[in-house]
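Me: I would like to go through this structure and ask what stands behind each label. Please set the values against the definitions.

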Amino acid sequence: AGRCGPAHRRRTVQSILRELAEKRQLSEEIVSLLQAQFSDLPRELDSWKQMADYSPEMRQFACLLHLYHIKAYDYLRKIVPLPHPYSLTNWLSNREAAAGFSSDVFLRLQEKVERGDQAYRYCALLVQDMSLQKQQEWDPQTKQLTGFVDLGAGILDADEAPLASEAIILMAVGISSSWTAPLGYFLVNSTSGQFLAQLLRQAINKLNNIGIVVLAVTSGASARGAETARALGIRIDPKRIQCTFQHPPGSAHSIAYFFDVCHTLLLIRNALQCFQKVEWLGDTVWWQHVVELAALQEQSVLELCSAESGRAGSKGSFHLKVNFATLLFSEGVAEALEHLQKLGLASFQNCSGTVKFVRLMSSLCDVFCGRGPYGKESLLAGNYTKISNLFDEAKSCFINLTDSVGRYIIKSKRKLGFLSFLLNAESLKWLFSNYTCPEATPSHHLHTHAFSLDPLEQFLRALQQACGSSGSPTCTVFQAAYHKLLASCSLAPGSPHSSGNASPQDVSLSQRKALTLGSIRAQYHPAPGRTLAPEYPYSAGLLLPSCALSNALTDLSLYTQSLTCTAGWVAEQLALDLQCEACLASLFEADESRPRCRSVLYIKKLGGLSLPSASVHHITSISEQALNRYGRIGGANKNTELWHVPLEQKVFQELLGESPLFPTLTNHLFEGELSINNHYTVLVKEITRCYLNIRTNPAQHLNLKYPCRRHKLKRLKGEHLFPSPLGSCQSS
């Protein structure tokens, strides 16, 4: 009877919202936004009886309320016949790359599933944000203001509505096959874990509707990521970890949750750096050991030139050099610490505890990144026992780590990184038990890299390139770039549609730049500007002829030495930016008598300049031949791309049919995607490009700032000399 009284009949949507705000079930900010944006909505509840008659504004109101506050939506749904939450996905979908779910992408995925393509039956769901520049703009085509929040059901463009400050992007990734599909984006001002949880559930439901089963969700290891996990029902407690959530809630289907491995490693690095020293069941992990390794200066190793090594008559000497592209949590760092300890360096004594911890973290990275002894397909039956034992060791380590005064780190404010790894371990074991066992397997293997944000980070990098600037784009620029990228999107496995101009492995490594020894060195010893060693002018006559006649007249030994020095300079320049440990090590001539350790290099130097590897020398030699044969030195157009690109093509033509380059990278060639932009081909391209740039514009690339001195090497007078970087130096 109470429901039929006058008080009930006078209730309106606005009055119900105010009631929810008074009960603190809905924030004042959301109520104010809803009232400002939807002031023209029907007030009387009778107007909401038929969902088929809902106006676009009424649908927008329902979507917004559901995503921002599911409890308020459920409460209002008891009074007003609002649709079931999972029916809202149709109202949140759009075509032509507008905000919301991309109808075109879901349609193409559905076609693949209906054709029976098993690779598309299971996927992981990734979520990441991209910052935007707040800016209101007028769109002359739509005749609307843009730059506001847009969740796919329409722009919130009221005067009181906030401008969008970030875009939330969702992506589906194949688990047994390496396909990726950008599912859509949402322009928001601020988000909460509750909001992202509802958005993820909407995406999962939409994928389920077309026959794709979501097995896992991955987010960043951040405060918002942790809040999202808890909102979905994940428990991150070392004593009782709940690594899955049900979808729909209360159903039998469970979905695993992962935190991005790269984000997790950064948190653990930060913890070690803040605590400086941690104890682990009798072992001590010292951050200072890592700092000393990163700060280790290049040192000459004179004993390598002894008669015992067979190099007594060779020119130059070998130098110990740290490979700054080495990842902190890698076998390379563990080997480097052990090696330097054996050499007797005081800074690295008593580093066994640090080595043990780094090696444990390296093994965990191998599992989650699909590298090392586990390969690309970590979740194989033969690997499970090894992986399970490794996870048990990691859990024992993490829950027993203490700081210098005995407090457990797992209970400190620096715990999220360790808890994230424990959650990931449980999720991976759960997936193995439920989806790779022979009796219930949808796939004989699962690609563990699908549970990282790397594929989505790769897409975001291409998106940033398409935006045309390094800063945060406006909503208009972002949407135009997204439309352009989506137009070239291919859902085929291994498709390079989202990679821009970089290989997938390059993107993965670039996201881990903050985890390299080079980044640690930069924190403690900021690098000065790029300059060459003072000894360089003494060792390089830079005599590089440019015609056949000068080749015949030139002292060939001087020409060869000059070419070698320039090739060494190319190697040093490339080493400043390379973020791949293996590729960097392949640039220099190494001491074969020493154990191979890519994190600690023994490179040969002559007159202060590092000597290049045989492969780098060969590429620069072929580049010089192509330059002499096809180039026009001194031409007005030599600095244009139209002149350089054909010349680079000639170099590649000369290299075709030659013996294989970089023999140490034979296996490394197949560690990334099998595309034309893998590390092997990129390395050849960059060496060629760097050399040709130096040869055609030496004044720009060899800008030395040392006092003028005479060259010790003989230089010939004439126009065929490589222009000296020391313009005022005199020839002898």
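The questions and replies below take the labels one at a time.

Me: What kind of model is this, and how are residues numbered?

Reply: This is a predicted model, in which local features need pLDDT of at least 70, side-chain atom pairs count only at pLDDT 80 or more, and totals for chains, interfaces and linings use all residues. Residues are numbered from 1 along each chain as its sequence is written, and side-chain values use heavy atoms, with hydrogens and water left out.

Me: How many helices and strands are there, and what makes a run count as one?

Reply: The protein has 26 helices and 18 strands. Both are DSSP runs numbered from the N terminus: a helix is H or I with at least four residues, and a strand is E with at least two.

Me: What share of the residues is buried, and what does buried mean?

Reply: Of the 732 residues in the protein, 52% are buried. Buried means under 20% relative accessible area, exposed means over 50%, and partly exposed lies in between (1.4 Å probe, protein chains only).

Me: Why is Ser427 called buried?

Reply: Ser427 has a relative accessible area of 0%, and the cut-off for buried is under 20%, so Ser427 counts as buried. Ser427 sits in helix α14 (residues 416–435), where 16 of the 20 residues are buried.

Me: What does Ser427 touch?

Reply: Not counting residues up to four places away in sequence, Ser427 touches Cys243, Ala256, Tyr257 and Phe258. Contact means heavy atoms within 4.5 Å.

Me: Is Gly184 buried or exposed?

Reply: Gly184, in strand β9 (residues 180–188), has 1% relative accessibility and therefore counts as buried. Leaving aside neighbours within four places in sequence, the contacts of Gly184 are Gly100, Phe101, Ser102, Ile168, Ile169, Leu170 and Tyr482. Gly184 and Ala98 are 86 residues apart in sequence, with their C-alpha atoms 8.3 Å apart in space.

Me: Why is α3 called roughly antiparallel to α4?

Reply: Helix α3 (residues 28–37) and helix α4 (residues 56–68) pack at about 175°, with axes 11 Å apart. Axes are lines fitted to C-alpha atoms, for helices over the stretch in contact, and angles run from 0 to 180 degrees between N-to-C directions. Angles under 35 degrees count as roughly parallel, over 145 as roughly antiparallel, 65 to 115 as roughly perpendicular and the rest as oblique. The angle of about 175° therefore makes α3 roughly antiparallel to α4.

Me: Which residues make that contact, and how do they divide by class?

Reply: From α3 come Ile30, Leu33, Leu34 and Gln37, and from α4 come Gln60, Phe61, Leu64, Leu65 and Tyr68. The contact of α3 with α4 has seven nonpolar, two polar and no charged residues. Here Ala, Val, Leu, Ile, Met, Phe, Trp, Tyr, Cys and Pro count as nonpolar, Asp, Glu, Lys and Arg as charged, and the others, Gly among them, as polar.

Me: How do you know that the span of α4 agrees with the expected one?

Reply: The expected span of a helix is 1.5 Å times one less than its number of residues. For the 13 residues of α4 that gives 18 Å, and the end C-alpha atoms are 18 Å apart, so the two agree. Ten of the 13 residues of α4 are buried, and what covers them includes α2 (13–22), α3 and α5 (70–77).

Me: Why are α9 and α12 called roughly antiparallel?

Reply: The axes of α9 and helix α12 (residues 352–369) come within 11 Å and cross at roughly 170°, so α9 and α12 are roughly antiparallel to each other. In this contact, Val261, Leu265, Ile268 and Leu272 of α9 meet Phe357, Met361, Cys365 and Phe368 of α12. The residues of the contact of α9 with α12 divide into eight nonpolar, no polar and no charged.

Me: Why is Gln276 called partly exposed, and Leu281 exposed?

Reply: Gln276 has 33% relative accessibility, so Gln276 counts as partly exposed. Leu281 has 59%, so Leu281 counts as exposed. Gln276 lies in the loop between α9 (261–275) and β13 (277–280), and Leu281 in the loop between β13 and β14 (283–286).

Me: What makes the backbone at Gln276, Leu281 and Pro248 worth a remark?

Reply: Most residues other than glycine have a negative phi, and most peptide bonds are trans. Gln276 has a positive phi of about 70°, and Leu281 has a positive phi of about 45°. The peptide bond from His247 to Pro248 is cis, with omega near -10°.
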